[in-house]
Amino acid sequence: MNGALALIKALEAVGCETVFGIPGGAILPAYDPLFDSAKIRHVLTRHEQGAGHAASGYAQATGRVGVCMATSGPGATNLVTPLADAYLDSVPVVAITGQVARPVIGTDAFQEADIRSITLPITKHSYQVTDPDDIPRVIAEAFALAASGRPGPVLVDLPKDVLAAPAGWTEPEPPVVVRPRLDPAQVRQAADLLARAERPVFYVGGGVVRAGAADLLRELAERTGVPVVTTLMARGAFPDSHPQHLGMPGMHGTVAAVAAMQKSDLLIALGARFDDRVTGSLARFAPEALVVHADIDPAEISKNRRADVPLIGDCRDVLRALKASVTTGGDLDPWWKYLDGLRTTFPLGYDWPEDGSLAPQYVISRIGELVGPEAIYTSGVGQHQMWAAQFVRYERPGSFINSGGLGTMGFAVPAAMGAVCGAPDRQVWAIDGDGCFQMTNQELATCALEGLPIKVAVINNGNLGMVRQWQNLFYGSRYSHTSLGSTPDFALLAEAMGCVGLRCSSRAGVDDVVREAMAVRDRPVVIDFVVGADAQVWPMVAAGTGNDEIMTARGLRPLCDSDTGEDL
Amino acid sequence: MHRLSVLLRNKPGALARVVVLFSTRDVAVESLSLSPAGADGLSRLDVQVRLREGRSVDQLVHQLRRVVDLCEVSAA
Ligand SMILES: Cc1ncc(C[n+]2csc(CCOP(=O)(O)OP(=O)(O)O)c2C)c(N)n1
Ligand SMILES: [Mg+2]
C-alpha cells in the first residue's frame, strides 16, 4: 500500500461517498487508486472553485462533510474562495490538495504554492502530512474537526512523494469529540428572562440548521408563543407558513422582523452572530433588549453585542434545555398586536415595472410556488439572492443554500450541483443572477455529463443589479461599470453545454416555462428570465444606519415616520 | 496592553496560526517570545498585545482557543 491508497481507503472508512475535484501533477498519485474505488464517486468539475462550492452545497444538503480535491499551486489557490465561503458560513468541508514533493518544498518548485499559509485565516485547521503512515489518522481527524463544534473547512495538504511512498494501514479511530456542556444556572437565568419578557424574539441563525434543531425550535416557539425571525442563513429553519414567523431580519428583512428585534426587550439569539447585515448600526441596534446568546462557539458570545446571558452549547442541547425549563411566558398579546399591525401594514411586496418588463420578484415567487417547499434552492449573490430569500416560501431547514457571510458571486450553480449529488431525490433549483452565472456556469457542462439535472433560473436584468441599486441610491444614479450588456445568449450557452435552454420575458409565459423545466429529468435546464433592470430590493436598511431607519421604498421610513411603536 | 501566555503543541503551522489570528483580528503585537516548555513537544509563547478600542481580551482568548494546536492560554 502507498500513501495514495491509504488516502482513498481512509476516505472510504470515514464514509465519504462523493469527491469534487480536478487532477494535476502533484495530486496524480491519489487519482490512481480513486479510479478503482467502488465507494467514492468523483465528480470532475470544470474549475476548482466549482469543486469547493459543490462540496459546500453537498454538505449543506446532506448535513455531512463535503469533500473537494485539487492539485498543488493553481489548483489549490482556486479553492481559496470556497474555503473562505465555507469558513464564514460554518460549513463542514474537507479540502484535499496535492503539494510538491517534500525535498523541493520551499524552493519555488513548479506549481508550488504554500496553500496552508494562504488559507490560515479561512480554515478551522490544516494539515501537511509528512509521514505516509499518518494519512488515515489525519483524514479521520480532519473529518471530525470539520463536522464538530462549530463546523468549518479543514485543509489536508499532501506532498506528492508522501502519496507515492509505502504506507502502513491502521484503521483510523474516530476521534473523541467533546460536546460543550450547558451551564444549568445560565439556562435557568435565560428561562427566567423569557418568562418575564414582554417583547421577546427568537433570533434564529444558521446554527439551528447546522445543529438539526429546527424541530425543537418549533416546539419551544409553540410552547412559548414567542415571535420568530430567521436570518438569511436560517431561512427554512422555521416554517414560513407558521403564524409566529415574522420573516427575515436585517438589511433586506421584513418590517415586522426588523421592528421586532429593534423594539424587543429580550433577544434570544440561537446560532446567530449579530452580523452587521442583521444589526445595522450596532450602537442603535435593539436599544432596550436584554440578550440571551446561544452559540456553540464561545468566541461569538459578546463579539458584537454584549450578551446578558451566554449559553454555550449546541443548539439542540440549548433548545432542549430551554424547553425543559420554561414555564408559561408572560402576556404577549400587546406585543403580537403591534407586530401583527406591522405585518398587515407592511407586507413584502413589489411593483410591476412601468416599462412593461417582467418583475423579477414575480418570477421568483412563481418558481417557489410551482416547485414547492420540498425542493432545494440555491442562489448567487445580489438582488436575486435577496428576492430568493424574500419571495420563496421555505418550510424545511436547509432548503435555501446561499453564500451569506462571504457573499460569493458564482455560488449558485456549483452549490446546486453539490446539493443534487447529495440529495438526488429532491429538485434543486439555482436562482442565479446574470452576473453571477457568468462566473461559474461552466459547471453546467459537468452537470450535463454527470447526469445532474439541476435547474437554473437566471434572473437576467442585464446588470450587476445590486451594485446598480447602490449606485442609484447612494451615487446619484451614476452607473459606473455595472451594465453587463446583452450577451451571451444564456439559452444558447446552456444548449452548448448539453443542457436545455429556455427563455421567458413575459408574465404570461412564466408558469409554462417553469413547468416545462420541471418536466425535464435527464438534463440540466437553464431558463433565461429576461426581467426589468430597475427593480429594487425593498425593504432596505442602508449600510451603517440604524434599523429604525428601515425604508420600505426610497425615502419611506415607517419606523421613524409613524408613531406605531410609541405606545409599546 | 495585555500579556498573553500561550502553551502550544510543536506542530507545523501552530505558531503561524496564532500570529495570523493576531493580524486577522487587528491585534498589535508589542513583543513575542517563544521557548520550549518541558519535554512533551510543547512551546510556551509569551506575547504582549494591544487591542483595538472596544475589543475585549476575553474575546481574543476565546478566538485563540479555537486554534486546534493550542493547549492553554491565559491573559493578564
Ligand atoms: C466574487 C464577487 N465579486 C463582486 C461582488 C460584488 N457584488 C455583489 S452583488 C453584485 C452584482 C451581482 O450581479 P448579478 O449576479 O447579475 O445579480 P443581481 O444583483 O443583478 O440580481 C456584485 C458585483 C461579489 N459579491 N462577489
Ligand atoms: Mg443581474
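1. A salt bridge here is a side-chain nitrogen of Lys or Arg within 4 Å of a carboxyl oxygen of Asp or Glu. With that in hand, the count between domain 1 of chain A and domain 2 of chain A comes to 2 salt bridges. Please keep in mind that this is a predicted model.

2. One salt bridge to look at pairs Glu300(A) with Arg150(A), with 2.8 Å between the closest N and O atoms. By residue number, Arg150(A) falls in domain 1 (3–164) and Glu300(A) in domain 2 (184–345). Arg150(A) also turns up in the area figures: together with Gln60(A) and Asp89(A), it is among the residues of domain 1 of chain A that lose the most area to domain 2 of chain A, the three making up 64% of what that side buries.

3. Now for the rest of that domain contact. The C-alpha centres of domain 1 of chain A and domain 2 of chain A are 36 Å apart, and the contact draws on 8 residues from domain 1 and 6 residues from domain 2. About 620 Å² is buried between the two, with carbon and sulfur atoms giving 49%. The rule also finds 5 residue pairs in polar contact across this interface. On the domain 1 side, the touching residues are 3 nonpolar, 3 polar and 2 charged.

4. Chain A also has a domain 3, spanning 360–530. The residues closest to ligand 1 are Gln383(A), Asp434(A), Cys436(A), Gly465(A) and Met466(A), out of 16 that surround the ligand.

5. Which atoms of Asp434(A) and Gly465(A) approach an oxygen atom of ligand 1? For Asp434(A), an N or O atom in the side chain is 2.7 Å from a ligand oxygen. For Gly465(A), a polar backbone atom is 2.7 Å from a ligand oxygen. Asn463(A) also offers a polar backbone atom, at 2.9 Å from an oxygen of ligand 1. Taken alone, the ligand exposes 590 Å², and the protein buries 76% of that.

6. Turning to the chain interface, 16 residues from chain A meet 12 residues from chain B. The buried area is about 1,200 Å², and carbon and sulfur atoms give 53% of it. Leu120(A), His125(A) and Ala299(A) supply 42% of the area that chain A buries there, more than any other three residues.

7. The rule finds 1 salt bridge between chain A and chain B. Asp297(A) and Arg66(B) meet through their side chains in a salt bridge, at 2.2 Å from N to O. Across this interface there are also 6 residue pairs in polar contact, and the chain A side divides into 7 nonpolar, 3 polar and 6 charged residues.

Terms used:
Residues numbered from 1 in each chain as written. Chains lettered and ligands numbered in written order. Predicted model: local features only at pLDDT ≥ 70, side-chain atom pairs only at ≥ 80, totals over all residues. Heavy atoms only, no water. Domains from an automatic or database assignment. Contact = heavy atoms within 4.5 Å. Buried area = accessible area lost by both parts, 1.4 Å probe. Polar contact = N/O pair within 3.5 Å; in protein donor to acceptor, adjacent residues only side chain to side chain. Nonpolar A, V, L, I, M, F, W, Y, C, P; charged D, E, K, R; others polar. Near = heavy atom within 4 Å. Areas by Shrake-Rupley, 256 points an atom, 1.4 Å probe, with all protein chains shown as cover.
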